[in-house]
Amino acid sequence: MSDLLAKVNERRTFAIISHPDAGKTTITEQMLLFGGVIRNAGTVKARKTGHYATSDWMEIEKKRGISVTSSVMQFEFQGKRVNILDTPGHQDFSEDTYRTLMAVDAAVMVIDAAKGIEPQTKKLFKVVKQRGIPIFTFMNKLDRDGREPLDLIAELEEVLGIEGVAMNWPIGMGQTLQGLYDLRNQRVELYRKSDADRFVPLDAAGDLPADEPLASDPQFKETQEAIELIKMAGNQFNRSKIIAGQQTPVYFGSALTNFGVETFLNSFVDLAPAPASHSVNEGEELAPDTPEFAGFVFKIQANMNPQHRDRIAFVRICSGEFHKGMDVQLARTGKTIRLNNATEFMSSQRVQVADAVAGDIVGLYDTGNFQIGDSIYTGKKQVFAPLPEFTPELFVRVSAKNVMKQKSFHKGINQLVQEGAIQLYQNYQTDDYILGAVGQLQFEVFQFRMQNEYHSAVTMESIGHRVARWIKPEQLDPSMSSSRNLLVKDRYGNPLFLFENEFAQRFFQDKYPDVVLTEKI
Ligand code: G4P
């Protein structure tokens, strides 16, 4: 095996998806503790506290500044180099959150065991599922009363359409939580025991040693019955299905009390795949151990420091090695760019990186060379498949505050749209500009950047939440437009309706059953 391949095989690059408050920050923090990156719980959490008024740019800046330092978190664990990519939620939710999922090799889905699958998890899951990458599920908050474990697993299949396979099973829950029956390691992990006596091995029949008090506990007997049942009737562990994203291993635990997290992480680094090959040049596959360097830009963080006007382009390395100071070609323009200034993000401080390999993420200081989706390479030209477009859900009408400044207004909008910061639509009849986004923050960033980079003050008038669905031009009839669906065209001229809500969409579909309505991811 080449040195490069050995290094690539050590990489585990993933993102954590969850609905706000399911426990993503808490579990991330526990993982960083195991990785030795932070020493105290609360370090990551601290960045979440200072809530900001969304209209106050300086605060957003501060928040984004902080969130940028934790865009990628790295640590060593069990001989593996773990890269966790942050997927901002809450007010920071944006297309970047989705695009980040294009740069990972696996996803961890954190679910609140009392709530089950929530809307944001569902949205993020859809994007991950589309990529066909492995998804590992952590059912969190076991220290509280939650739903029946069987119910939670069944819901994965019913709501998300993915098979769940139990890797461990709770012995009690909430007040009565006593431990986890660990099917994979054939042991019981006791709740609230010191490190040394936390794990008790099970014998071949699945029984605890007779001197273990839990052995005769009715709750343990109940768990054994549940285990019998899932062994007989539940989904069977199937590694290739897991790798293909058709089955998700399910782990129960409690991030807050650090229960089951280490076992989860151990199992994750063991089962999750090393970086795989990527599609390039419309039909070729690029193996990660190809010696020449290649990667793509999946996110651009702009204006992080108002004094320096710097931007950082986040690149997923897909093949070869990165060295500081190397020259690469930018596929879109053919330009040669020297990568002098690159950053990897270790917890809360930025660290200069010298080397990184396929699977790693580097942040390149950018003076305006890069766009989202750009391919960079050395040697043979490599063009990665374009990043998918996502269906926006929030819309505003936008116009220049000063009608005399149309030129800078158009220039700014076009640049920002090209960069992927926002999506642009036009009213089908009036040609008025409408912006679409998946998160409110995108509008705020847009407004700020128009003012500061293009000296164009903009007026935005909210249209609110809409359900965007594309329609084939040949099926479009102007009479279909009504007060409950706004007809617009995207930047390629393709028509779509912005329905007031799902009800309006269904009403439309009932009225025109032959019309095919589609969405992006
Ligand atoms: P997020 O990043 O997914 O939004 O969630 P985060 O980790 O911030 O957790 C959301 C809330 O849930 C926090 O409580 C956190 O302490 C709590 N939590 C996370 N994991 C567990 C768990 O395993 N058990 C229990 N009982 N709670 C958990 P908070 O009150 O919002 O914040 P804080 O005041 O505790 O910091």
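# A guided tour of the predicted model

Among the contacts in this protein between residues at least 6 apart in sequence, 70% join residues at least 24 apart. The model is a predicted one, and with the whole protein in view its secondary structure comes to 13 helices and 31 strands. Of the 521 residues in the protein, 55% are buried. The protein exposes about 22600 Å², and carbon and sulfur atoms supply 49% of that area.

**First stop: Val8 in helix H1**

Select residues 3-9, which form helix H1, and pick out Val8 within that helix. Val8 has a relative accessibility of 0% and therefore counts as buried. Show what surrounds this side chain: leaving out residues up to four places away in sequence, Val8 touches Ala274, Pro275, Pro288, Val357 and Ala358. Then add Cys318 to the selection, which is 310 residues from Val8 in sequence but, C-alpha to C-alpha, 9.8 Å from Val8 in space.

**Second stop: the salt bridges around Arg11**

A little further along the chain, select Glu10, Arg11 and Asp360, which are linked in a network of salt bridges. In one of its links, Glu10 forms a salt bridge with Arg11, with the closest N and O atoms 4.0 Å apart. In another, Arg11 forms a salt bridge with Asp360, and here the closest N and O atoms are 2.9 Å apart. Because Arg11 lies in strand S1 (residues 11-18) and Asp360 in the loop between strand S21 (355-357) and strand S22 (361-366), this pair ties together parts that are 349 residues apart in sequence. Which members of the network are buried, and which partly exposed? Arg11 and Asp360 are both buried, whereas Glu10, with a relative accessible area of 32%, is partly exposed. For Arg11 the relative accessible area is 6%. In the protein as a whole, the count of salt bridges comes to 25.

**Third stop: helix H2**

Now select residues 24-34, which make up helix H2; because 9 of its 11 residues are buried, this helix is largely enclosed by the rest of the structure. The buried residues of H2 are Lys24, Thr25, Thr26, Ile27, Thr28, Glu29, Gln30, Met31 and Leu32. Following H2 along the chain brings you to Gly36, whose phi is positive, near 75°.

**Fourth stop: two residues with positive phi**

Go next to Lys141, which lies in the loop between strand S5 (135-140) and H7. Lys141 is not a glycine, yet its phi is positive, at about 70°. With a relative accessible area of 18%, Lys141 is buried. Then move to Asp431, in the loop between strand S25 (423-427) and strand S26 (433-437), where phi is near 70°, again a positive value in a residue other than glycine. Is Asp431 buried or partly exposed? At 38% relative accessibility, Asp431 counts as partly exposed.

**Fifth stop: a patch of negative charge**

Return to the surface and select Glu148, Asp151, Glu157, Glu158, Glu222, Glu225 and Glu228, which gather in a patch of negative charge. Which helices each supply at least two residues of this negative patch? They are helix H7 (149-160) and helix H8 (218-233). Glu228 is a residue of helix H8, and its relative accessibility of 46% makes Glu228 count as partly exposed.

**Last stop: helix H10**

To finish, select residues 261-271, which form helix H10, and find Ser267 among them. At 8% relative accessibility, Ser267 counts as buried. Apart from its neighbours within four places in sequence, Ser267 is in contact with Met167, Arg184 and Tyr251. Elsewhere on H10, display the side chains of Glu262 and Arg198, which meet in a salt bridge with an N to O distance of 3.3 Å. Because Arg198 lies in the loop between strand S9 (187-190) and strand S10 (199-201) while Glu262 lies in helix H10, the pair ties together parts that are 64 residues apart in sequence. Arg198 is buried, with a relative accessible area of 10%, whereas Glu262, at 24% relative accessibility, counts as partly exposed.

Notes:
Residues numbered from 1 in each chain as written. Predicted model: local features only at pLDDT ≥ 70, side-chain atom pairs only at ≥ 80, totals over all residues. Heavy atoms only, no water. Patch = residues over 30% accessible without salt bridge, like charges linked within 9 Å, V, L, I, M, F, W, Y side chains within 5 Å. Areas by Shrake-Rupley, 256 points an atom, 1.4 Å probe, with all protein chains shown as cover. Lys, Arg positive; Asp, Glu negative; His and termini not counted. Charge placed at Lys NZ, Arg CZ, Asp CG, Glu CD. Helix = DSSP H or I, 4+ residues; strand = E, 2+ residues; numbered from the N terminus. Buried < 20%, exposed > 50% of the residue type's maximum accessible area, 1.4 Å probe, protein only. Contact = heavy atoms within 4.5 Å.
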